[in-house]
Amino acid sequence: MPFDVAATVVANLALSHDYNVLALDAPQIAEAAIPGQFVMVKAATGHDPLLRRPFSVFEILRDASGRATGLSLLVKRIGVSTGLLYDAKPGDTIMCLGPLGQPFTLVDAPADGWMVAGGVGLAPVWTLAEALVARGVTTTLFYGARRNDELFYLDFFRTLGVELVLTTEDGSGGEQGRVIAPLERALAARPADQPVSLYACGPEGMLAATARTAAAFGRPCEVSVERIMGCGMGGCYSCVVPMKSEGGGFHHVRSCIAGPVLDAAQIVWD
Amino acid sequence: MGTGQQAPVDLSVRIGSLTIANPVMSASGCFGYGVEYAGMVDLSTLGAVVVKGLFLKEREGHPAPRIVETPAGMINAIGLQGIGVHRFISEKLPELRERRATVVVNVCGTTVDEYAEVSRILSDAEGVHALELNISCPNIKEGGIQFGCSLGGTHDVVSAVRKVTSLPIIPKLTPNVTDPASFARAAEAAGADAVSLVNTFLALAIDIESRRPKISNGMGGLSGPAIRPIAVRMVYECRQAVKIPVVGMGGIMNARDALEFMIAGATAVQVGTANFVDPLIWNTIVSGIGDYLTRHGIKSVDALIGSVDMGKH
Ligand SMILES: Cc1cc2nc3c(=O)[nH]c(=O)nc-3n(C[C@H](O)[C@H](O)[C@H](O)COP(=O)(O)O)c2cc1C
């Protein structure tokens, strides 16, 4: 069951001109959230902007005893609502509804878990990586961004034991180009009898390419899709994704309650 | 002091043969089939749960993006995605019954016969308390608004449904006409038990970089606080034109807004877009109405309905 919390901002860390990490005091939501789930957030108090916006849960914040005290959001500033979240001050109140949606399916060793993230698509990967590592799964993160200074939290993932494969569009960090190129090479190099599951979050084009690549190599792949959402609860039918129907054709599912994590092989991409 | 539950006021209202415990309903298409919210909201505390529009068959609706936010509002073109009347009865209605929800089904059709057929099927199902006839969806080509924009079409749909059901029928009127009150009159003459309004206002938002509409269907329907004063005016006009109850909606965000509609003439109200912002809004609005009545010493909702004094200031 989701909780609706008037969450206090406990910290706001600007990572760059566009990105920030907003820490919220929302223990009930943090306690209940599992990797891949999201929250619906509203920073404004008035009617403009009006609607909440969906955000993946980024970190689960814990106290010294390990108890969940809150969660953070990884935010990329693109519009008015994300601008308000970029500018939020400690002590501000933010309405936060969650946890919502379907989580990732966690694999077990001996399968490897390969995560693919583009830009702000890093958001659900933090808790996913923690959960996979905790199960003893060997993990790799294929992580692409526009520039080197937008590849965040590399030390966190290294310390956790996640192997990193980095790309940037301008070549200022890692390999130049898109993250799909090294992913394809790694999949081609992996023997068929060594299982691997893929998890992807990022721009739609990257998700589609990851899905195609996974299918070409016969590997399971889950993607966390991003759609414009109205309510996050299944009420409005705004955030639909076309899924393959038995016997051909498609049907629309609401990504807020059937997703945001969906089986890439079932999505009608085009 | 007094919350809605403690207040010594009667919040019940009548819509035809149906008495509902309080005048606050969910607006169709803004509350799924109700069951989506059952984990958070006690569905029996709403005056009624009005579910998403249903045709005879399943429909997939328009591709995403289906909504765009606009100043103090939103434009949607969902395209009436839905599971069809048969799956609704087998998959959703049992849970709604179990949760003791008062259920109003929003009925859609591409032909007069389809409205009648869907209504007939729902009348035989246990746990449906009233039918709201959606003759006002701006987002689909056939059906819906073609009936709601013609007085003859409105009459035909209402009288065809009247022949097949004894449930209260509530045609839902479009604001996309010059004189909604004449449509309320047509509906009353054809045997409607109430009218509800407003559905959304036909609207367009354009991305100036791509010079393309911001939602896939091009145009859509505007809802939210941006439309409220126009909706209040239309509810007032309909109240003046007909004897049957008027169910008012359009941008209600809180108890104050709901009371404004009731004072203009709404017997009950529906809340749509606001539920997206605050899924726990129901108790806030219901108890706020109770508090207001208590504060003004008004014993029942009936005394409030249509009580606006339009004399010059
Ligand atoms: C996303 C969305 C879906 C809707 N779907 C329906 C529908 O299926 N049937 C209907 O009669 N009205 C539908 N409506 C209209 C609402 O029921 C209501 O008339 C309108 O939104 C105005 O109320 P509001 O401003 O409180 O949202 C929809 C509105 C929205 C925003």
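Against which elements of chain B do the buried residues of α7(B) pack? I should like to open with that question, and I note at once that the model before you is predicted.

The buried residues of α7(B) pack against α6, β15, β16 and α9 (281-295) of chain B. Helix α7 itself spans residues 255-264 of chain B, and seven of its 10 residues are buried, so the helix is largely enclosed by the rest of the structure. The buried residues are B:Ala255, B:Asp257, B:Ala258, B:Leu259, B:Phe261, B:Met262 and B:Ala264. At the N-terminal end, B:Asn254 acts as the cap of α7(B), with a side-chain oxygen 3.2 Å from the backbone nitrogen of B:Arg256. Just after the helix, B:Gly265 adopts a positive phi of about 135 degrees.

Let me turn to one of the strands that α7(B) packs against, namely β15. As a general point, side chains in a regular strand alternate between the two faces of the sheet. In β15(B), residues 246-249, B:Val246 and B:Gly248 point one way, while B:Val247 and B:Met249 point the other way. All of these residues are buried.

Which strands pair with β15(B) in the parallel sense? One is β10 (residues 195-197) of chain B, joined to β15(B) by three bridges. Within that pairing, B:Leu197 has B:Gly248 as its bridge partner. Another is β16 (residues 266-271) of chain B, which pairs with β15(B) over four bridges. Here B:Val246 is partnered by B:Ala266.

Strand β10 leads us to a second helix, α5 of chain B, residues 180-189. Why is α5(B) described as largely enclosed by the rest of the structure? The reason is that seven of its 10 residues are buried. They are B:Pro180, B:Ala181, B:Ser182, B:Phe183, B:Ala184, B:Ala186 and B:Ala187. These buried residues pack against α3 (145-148), α4 (151-164), β9 (169-172), β10 and α6 (228-241) of chain B. Just after α5(B), B:Gly191 takes a positive phi, in this case of about 105 degrees.

I move now to chain A. Strand β2 (residues 19-25) of chain A is mostly covered, with six of its seven residues buried. Strand β1 (residues 3-14) of chain A pairs with β2(A) in the antiparallel sense over six bridges. The two strands form a hairpin, with four residues between them, and A:Ala11 stands opposite A:Ala23 of β2(A). Strand β2(A) is also joined by six bridges to β6 (residues 68-76) of chain A, again in an antiparallel arrangement. There, A:Asn20 has A:Val75 as its bridge partner.

Finally, I come to the interface between the chains. How many residues of chain B are in contact with chain A? There are 33, and they meet 30 residues of chain A. The area buried between the chains is about 2500 Å², with carbon and sulfur atoms giving 63% of that area. Two salt bridges are found across the interface. In one pair, B:Glu36 forms a salt bridge with A:Arg254, the closest N and O atoms being 2.7 Å apart. There are also 11 residue pairs in polar contact across this interface.

On the side of chain B that touches chain A, β5 (67-70), β6 (73-76) and α8 (273-277) of chain B each supply at least two residues. Helix α8(B) gives the most, with three residues. By class, this side of chain B has 19 nonpolar, eight polar and six charged residues.

Technical notes: Residues are numbered from 1 along each chain as its sequence is written. Chains are lettered from A and ligands numbered from 1 in the order in which they are written. This is a predicted model: local features need pLDDT of at least 70, side-chain atom pairs count only at pLDDT 80 or more; totals for chains, interfaces and linings use all residues. Side-chain values use heavy atoms; hydrogens and water are left out. Contact means heavy atoms within 4.5 Å. Buried area is the accessible area (1.4 Å probe) that two parts lose on being put together, summed over both. A salt bridge is a side-chain nitrogen of Lys or Arg within 4 Å of a carboxyl oxygen of Asp or Glu. A polar contact is a pair of N or O atoms within 3.5 Å; within protein, one must be able to donate a hydrogen and the other to accept it, and residues adjacent in sequence count only if both atoms are side-chain atoms. Ala, Val, Leu, Ile, Met, Phe, Trp, Tyr, Cys and Pro count as nonpolar, Asp, Glu, Lys and Arg as charged, and the others, Gly among them, as polar. Buried means under 20% relative accessible area, exposed over 50%, partly exposed in between (1.4 Å probe, protein chains only). Two strands pair if DSSP finds at least two bridges between them.
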